[in-house]
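Reader: I'm curious about the empty space sealed inside this protein. Could you take me through the internal cavities, with a close look at what lines them?

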Amino acid sequence: MPAMTYRDALRQALDDAMTEDKTIVVIGEEVGRYGGAYGVTKDLIKVHGPERLIDTPISEPAIIGTAVGAAMTGLRPVAELMYIDFLGMTMDQLANQAAKIRYMFGGQIGVPMVLRTQGGTGRSAGAQHSQSLEAWIMHTPGLRLAMPATVADAYHLLRQSLTKPDPVVFIEHKALYTRKEEVDLSDDPLPWGKAAVRRQGDDLVIVTYSRQVIYALEAAEALAKKGIEATVIDLRTLNPLDFETIRTHVERVGKAMVVSEGVMTSGVAAELCARISEECFDFLEQPVIRVAGEDIPISVSQELEAGSVPSARIIAEVAERLMA
Amino acid sequence: MTLTANSHLAELYRTMRRIRTFEERVGELFVRGQSAGSMLHLSIGEESSAAGVCAEMKPQDSFTTHHRGHGIFLARGADPKRMMAEIGGKESGYCHGKGGSMHIADMALGHLGANAIVGGGIPAVVGAGLSSKYLKQDSVSVAFFGDGAMQQGILYESMNMAALWGLPVLFVCINNQYGMGTRIDQATRNTAFDQRARAFGLNGVVVNGLDVEEVRDAARWLIDEARAGKPGFLSVEVYRFFGHARMDKSPYRAEAEETEGRKKDPVLFARAKLIESGLESEAALDALDREIAAEMDATIDFTVESQAPALSSMFRDVYAVGEPEPESVRARIDRVLAREIV
Ligand SMILES: Cc1ncc(C[n+]2csc(CCOP(=O)(O)OP(=O)(O)O)c2C)c(N)n1
Ligand SMILES: [Mg+2]
């Protein structure tokens with residue numbers, strides 16, 4: 001099987017989708033000539049032309065708002081927000097416009113757009129370029145939310161996002177772009193909205209998504225050496241949320257831990273933890289533990305940056321104590 | 001300093017040379033494995049904007065900058081050691097390693113903060129102008145930003161309010177022709193940016209950044225006007241000599257264009273002007289350059305020798321000292337696992 005990077009899988013997904021569906025246009029800063037700040041759209045302009053890879057000025061509210069209008073009138077735009085942190089500039093267009101149009105207008109029209117962006121730590125990029133803001137999205141009814149952890153999912157989830165009737169926020173992780181895996185993209189993907197069980201074990205369930213899946217799997221390997229077998233669930237999409245898969249495994253195993261890079265308070269992990277506690281209460285042998293980002297901004301100092309978010313080591317350490 | 005004449009131009013030259021040498025040293029941080037920031041934006045070629053405008057600011061004046069702001073802060077009198085240490089993410093830096101290159105600030109020098117959000121620092125000067133007017137501080141607040149921010153709506157909301165309320169504010173666009181790989185004419189139909197400011201009722205001036213004295217003269221008038229209640233806008237036309245950030249090799253522009261652009265060098269221009277006018281000798285300027293080189297070399301050693309911030313410092317300054325601090329995730333987990341739930 002050929003090895004491919006997460007970045008290349010994303011590019012392939014855009015390329016293939018644009019070939020199949022001529023209504024797809026990509027709109028954003030540096031997406032055309034430059035090929036994307038992280039190279040995801042590199043050279044696509046040569047294949048699909050500048051009419052479909054549309055470079056914009058630095059005007060985030062208008063970029064997302066333009067995508068909303070285009071999606072209402074026949075196009076399927078992929079709007080790129082270079083960093084998820086820039087949601088701050090454009091949240092109105094996303095949360096008040098894109099997310100609510102179908103509902104406010106009584107179901108007359110939807111907004112079939114994809115907002116592609118990237119988040120997370122790992123590049124010492126500081127407080128305004130390193131956040132994990134998926135909770136903002138998950139907290140906004142009307143938006144779908146996909147966060148791929150693997151190379152295959154980078155491809156398939158993006159392809160699937162580009163067939164959805166409603167706005168999808170698609171969050172990549174900046175530390176995963178260069179990650180390489182052997183993949184066969186012609187394999188049947190898991191359906192949209194279905195979580196993947198990346199590892200099966202009987203002692204503990206780790207529920208997570210995006211880069212923390214990689215860390216959780218590393219932690220699970222370390223735990224296995226100590227005789228602890230973990231199940232690792234990769235949620236893939238946070239909206240829709242596949243709670244059935246979580247329930248099945250938590251009820252089977254009785255101990256659960258939720259891992260998220262986003263800040264702990266009112267974060268995605270908080271929601272998952274609440275749901276597991278409510279719905280699986282009778283099966284739990286321990287409180288559900290959240291391992292999440294500290295409730296602080298991200299520092300540029302590498303030490304503070306790394307110390308403020310979960311790592312494989314911390315996941316393993318907490319898991320071990322949960323089993324003790 | 002060993003300069004013979006105490007001319008204004010010599011001072012401006014010294015400021016610009018310090019900026020350039022400082023930024024040339026920034027690359028060495030990487031070589032020595034010291035730089036925390038993956039994102040470093042050099043203002044080489046743009047030094048006249050920082051030197052010319054800051055020369056006209058008074059001690060009580062304040063400012064914000066964009067992500068390419070090392071030079072502005074240096075021109076304002078920053079300690080290059082503490083700046084370099086901040087870029088390296090060290091405890092001894094201006095922001096104790098939390099901010100880095102793109103988030104440096106120093107209230108003592110009126111630096112209300114650099115910003116990694118394009119346009120993000122602009123409206124704060126309207127607020128500073130409001131404080132100045134209300135509290136009678138006699139201060140002007142200056143926003144420095146790039147041509148890229150000329151397409152952010154927040155700039156126009158800010159200009160409009162500053163003009164409406166007659167605030168002592170100056171908006172300075174450092175027009176280096178590019179926002180990342182996008183040339184200004186690929187970002188807008190009308191690149192006569194001063195017209196936009198005048199449309200909102202501000203003074204609007206465009207100046208060639210090759211000659212730092214022209215920049216300073218324009219800034220003097222605009223700052224005087226602003227202090228008297230008429231806000232202004234200045235666009236300084238320069239050329240971004242290098243890539244957008246460290247890793248960018250500028251494949252989107254022709255080498256011939258870069259060669260031509262780099263001829264527009266405000267540091268060399270000022271140097272030649274000093275020598276030609278007989279104000280300074282070449283030997284005196286060489287000596288000054290060496291002095292500056294030594295000063296900036298020392299910033300690297302200082303940074304290498306400085307400590308990384310202690311891990312526990314991550315919880316400091318989320319809120320004010322004395323206010324409740326966030327509980328660490330680890331502490332929470334410890335309590336939950338120990339069943340000491342309070
Ligand atoms: C709101 C926002 N959008 C996009 C970016 C990414 N970005 C950082 S710098 C930059 C170009 C800015 O160009 P300009 O304002 O001309 O400043 P210069 O880099 O040329 O100094 C872009 C697009 C950002 N940091 N913030
Ligand atoms: Mg620029």
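Author: Let's start with strand 5 of chain A, which gives three residues to the lining of the second largest cavity, the most of any element. Keep in mind that this is a predicted model. Strand 5 covers 114–119, and along with strand 4 (76–81) it is one of the elements of chain A that give two or more residues to that lining. The full set of lining residues is A:G36, A:A37, A:Y38, A:V40, A:E80, A:L81, A:M82, A:R116, A:T117, A:Q118 and A:Y177. Sorted by class, that makes six nonpolar, three polar and two charged residues. The space they enclose comes to about 60 Å³.

Now for the bigger picture: the structure has five cavities of 30 Å³ or more. The largest of them holds about 80 Å³. Its lining is made up of 16 residues, and the ones nearest the centre are A:S132, A:E134, A:M147, A:H173 and A:S210. In chain A, strand 7 (168–173), helix 8 (211–225) and strand 13 (256–263) are the elements that each give two or more residues to this lining.

Domains come into play here too. Both domain 1 (3–182) and domain 2 (196–323) of chain A supply at least three residues to the lining of the largest cavity. As for chemistry, that lining has eight polar residues, with four nonpolar and four charged ones besides. Set that beside the second largest cavity, where the lining has six nonpolar residues, three polar and two charged.

Definitions and conventions: Residues numbered from 1 in each chain as written. Chains lettered and ligands numbered in written order. Predicted model: local features only at pLDDT ≥ 70, side-chain atom pairs only at ≥ 80, totals over all residues. Heavy atoms only, no water. 1 Å grid on protein atoms, 1.4 Å probe; cavity = no way out; pocket = protein on both sides within 12 Å on 5 of 7 lines; lining within 4 Å. Points joined across faces, edges and corners; volume = space filled by probe spheres on them. Helix = DSSP H or I, 4+ residues; strand = E, 2+ residues; numbered from the N terminus. Nonpolar A, V, L, I, M, F, W, Y, C, P; charged D, E, K, R; others polar. Domains from an automatic or database assignment.
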